[in-house]
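This report describes the architecture and selected side-chain interactions of a single protein chain. Please consult the sequence and the structure shown below while reading.

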Amino acid sequence: MSDNIPFELQVGIIKRVLPVKSLIRFRSVSKQWKSLIDSPEFIADHTVNPAQPQHLLVKYIVDSKEKHVSISDNDDSLPHHNSSLIVPPTIIDTIFSILDCSHGLVCLYGDFRGPVSRSKMTVLWNPSIRKSVGIVIPNEFVVLGFGVCPKTSDPKIVAIKNGNRIDSKAVVFTLSSGAWRSITTNLHLPLNSMHLSRKPVVIDGVIHWIAFDNLPRWIISFDLTSEEFGEVELPDSLAHAANLSISNFKGSLSVLIYKEAAVVCDVWTMIKTGDPMTRFTTASFKRESDRIIRFMKNGQMIREHICMRPRNFPVTTLEVYDSYSEHRNYLRVSGFFDPHIMKTSYTESLLLLNHSVSVIL
C-alpha cells in the first residue's frame with residue numbers, strides 16, 4: 001500500500017476488505033505486517049467481520065474417488081467458482097461426519113487409531129489456510145457440539161455423557177487450554193430419558209440440538225460464552241412433529257418440518273434469540289428423498305436431489321431452489337454422496353494460523 005496512507009488506516013482497510021489468501025501473502029511483505037496479521041487481536045477482529053466470503057463445503061464420490069469442493073456464496077447471486085480442497089492430513093482414520101462449522105473452522109468427527117486402542121476424535125480444520133488440529137474425545141462422551149466463543153475467539157467442544165442420551169455429566173474442551181474440564185448441565189428436564197440429535201447447529205455463539213423423549217420435542221442449547229445449557233420450547237405443531245431438523249437461516253435458528261409423505265417442508269425461524277418461532281416459507285419436492293441441506297446467505301435453499309441411475313446406484317445432485325418462484329439452478333456437483341458425510345457452510349478466517357498441525361490426546 002502507499003506510504004502516504006497512515007499505517008492504522010491501512011490496517012482497517014485490509015482487515016475489512018482483503019480475503020484470507022491475500023492476507024497470507026501480506027505476511028511476507030515485512031516483519032511489521034507479519035507481526036500484525038499473526039497477532040491474536042487481528043485474527044479475532046478479522047474473524048468476526050460479517051463481510052468475509054462464505055462457502056459451501058461438499059464431499060462426494062465419483063469413480064470411487066473422494067472429492068471435496070468449496071462453492072463460494074454471496075448475498076445476491078448463485079454460488080460459483082467451484083474449487084477443489086485439500087483435506088487435512090490423515091490423522092483421522094475414518095471420517096463419520098462433519099459436525100458443524102463456526103468462524104471458518106470445520107469440525108470433523110471420526111475414528112483415530114491411538115498408540116493403544118481406537119478412539120473417537122474431532123478435527124478442527126480451517127480450509128482457507130489448510131491448518132488442522134485433532135482432539136481425542138473421552139470414551140464415555142458421544143453427543144458432541146462445536147463452536148467458537150464469540151467473546152474470546154476460542155474454539156470449544158462440548159461433550160455429553162451416556163451414548164445418545166443426556167445425563168448430568170458434560171465436559172468442555174477449549175483450544176487455548178488444550179484440556180477438558182467438567183461442567184454442569186443445569187437443566188430441569190427428564191435427563192435420563194432424553195435423547196439428543198447427533199447433528200447440532202451453532203448460531204451466534206450458541207449450540208443447539210433437537211431433544212426428544214418420544215413426544216413432545218425441545219431444543220437444548222449451550223452458550224459458548226457462559227457455558228450454560230438452556231431450553232427452547234417449540235410451538236405445538238413442531239413439538240409433536242416426527243420428521244424434524246434444525247438449520248441456520250441467515251444467522252437465525254430455523255426448524256424444518258417434513259410432512260405429507262415428506263414431499264412438503266415448512267421452514268420456521270426464530271428471528272431473534274428468545275422470540276417465538278414463526279413459519280417463514282413452505283417448499284415442495286418431487287420425491288421423499290429430496291432434502292434442504294443448507295440456506296444461502298440470501299436465504300435461498302440448497303437442496304439435495306437423489307435419483308437412481310443404472311444398476312440402482314443412487315446419484316445425488318445439488319441445486320439452488322427459490323421457494324417463491326419455484327425456480328431451480330443446478331450447482332454442477334453430482335456424485336455418489338456418503339449419507340454420513342454432511343455438507344456445511346463456512347466463512348474465511350485466520351483461526352489456527354498460529355497453530356501447527358497436531359493431535360491433542
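Is Lys120 buried, partly exposed or exposed? With a relative accessibility of 31%, Lys120 counts as partly exposed. The model is a predicted one, and the sections below proceed from the chain as a whole to individual residues.

## Overall architecture

The chain comprises five helices and 26 strands. Of its 361 residues, 53% are buried. Among contacts between residues at least 6 apart in sequence, 47% join residues at least 24 apart.

## Salt bridges

A search of the whole structure identifies eight salt bridges. One of them involves Lys120, whose side chain meets that of Asp111 at 3.1 Å, N to O. Whereas Lys120 is partly exposed, Asp111 is buried, at 13% relative accessibility.

Another salt bridge joins Asp266 to Lys259, with the closest N and O atoms 2.5 Å apart. Asp266 is buried at 4% relative accessibility, while Lys259, at 30%, counts as partly exposed. Elsewhere, salt bridges with shared partners link Arg27, Lys34 and Asp38 into one network.

Within that network, the side chains of Lys34 and Asp38 form a salt bridge of 2.7 Å, N to O. How many residues apart are Lys34 and Asp38 in helix H3? They are four residues apart in H3 (residues 31-38), and therefore about one helical turn separates them. In general, an α-helix has 3.6 residues a turn, so residues three or four places apart point the same way. Lys34 is partly exposed, with a relative accessible area of 37%; Asp38 has a relative accessible area of 13% and is buried.

## Helix H3 and its packing

The buried residues of H3 are Trp33, Leu36, Ile37 and Asp38. The elements that cover these buried residues include helix H1 (7-17), helix H2 (20-26) and H4.

The axes of H3 and helix H4 (residues 40-47) lie 5 Å apart, and the two helices pack at an angle of about 60 degrees. The two helices are therefore oblique to each other. On the H3 side, the contact is made by Leu36, Ile37 and Asp38; on the H4 side, it is made by Pro40, Phe42 and Ile43. By class, the contact has five nonpolar residues, one charged residue and no polar residues. Asp38 thus appears both in the contact with H4 and in the salt bridge with Lys34.

## Nonpolar cores

Which residues have the most contacts inside the largest nonpolar core? They are Ile14, Leu23, Phe42, Ile135, Phe146 and Leu350, in a core of 33 residues. Strand S8 (residues 141-148) supplies the largest share of this core, with four residues.

Phe42 belongs to this group and also takes part in the contact of H4 with H3. Not counting residues up to four places away in sequence, Phe42 touches Val11, Ile14, Lys15, Leu23, Leu36, Ile37 and Leu350. A second core, separate from the one just described, has 18 residues, among them Ile160, Ala170, Leu196 and Val202.

## Two buried strand residues

Thr269 is located in strand S19 (residues 264-270). The residue is buried, with a relative accessible area of 2%. Beyond its neighbours within four places in sequence, Thr269 is in contact with Phe249, Leu253, Ser254, Pro276, Met277, Thr278 and Phe280. Thr269 and Phe280 are eleven residues apart in sequence, and their C-alpha atoms are 6.3 Å apart in space.

Is Glu304, in strand S22, buried or exposed? Glu304 is buried, with a relative accessible area of 11%, and strand S22 spans residues 301-309. When neighbours within four places in sequence are left aside, the contacts of Glu304 are Ser289, Asp290, Arg291, Ile293, Thr316, Thr317, Leu318 and Lys343.

Definitions and conventions:
Residues are numbered from 1 along each chain as its sequence is written. This is a predicted model: local features need pLDDT of at least 70, side-chain atom pairs count only at pLDDT 80 or more; totals for chains, interfaces and linings use all residues. Side-chain values use heavy atoms; hydrogens and water are left out. A salt bridge is a side-chain nitrogen of Lys or Arg within 4 Å of a carboxyl oxygen of Asp or Glu. Buried means under 20% relative accessible area, exposed over 50%, partly exposed in between (1.4 Å probe, protein chains only). Axes are lines fitted to C-alpha atoms, for helices over the stretch in contact, and angles run from 0 to 180 degrees between N-to-C directions. Angles under 35 degrees count as roughly parallel, over 145 as roughly antiparallel, 65 to 115 as roughly perpendicular and the rest as oblique. Contact means heavy atoms within 4.5 Å. Ala, Val, Leu, Ile, Met, Phe, Trp, Tyr, Cys and Pro count as nonpolar, Asp, Glu, Lys and Arg as charged, and the others, Gly among them, as polar. A nonpolar core is a set of buried Ala, Val, Leu, Ile, Met, Phe, Trp, Tyr and Cys residues joined through side-chain atoms within 4.5 Å.
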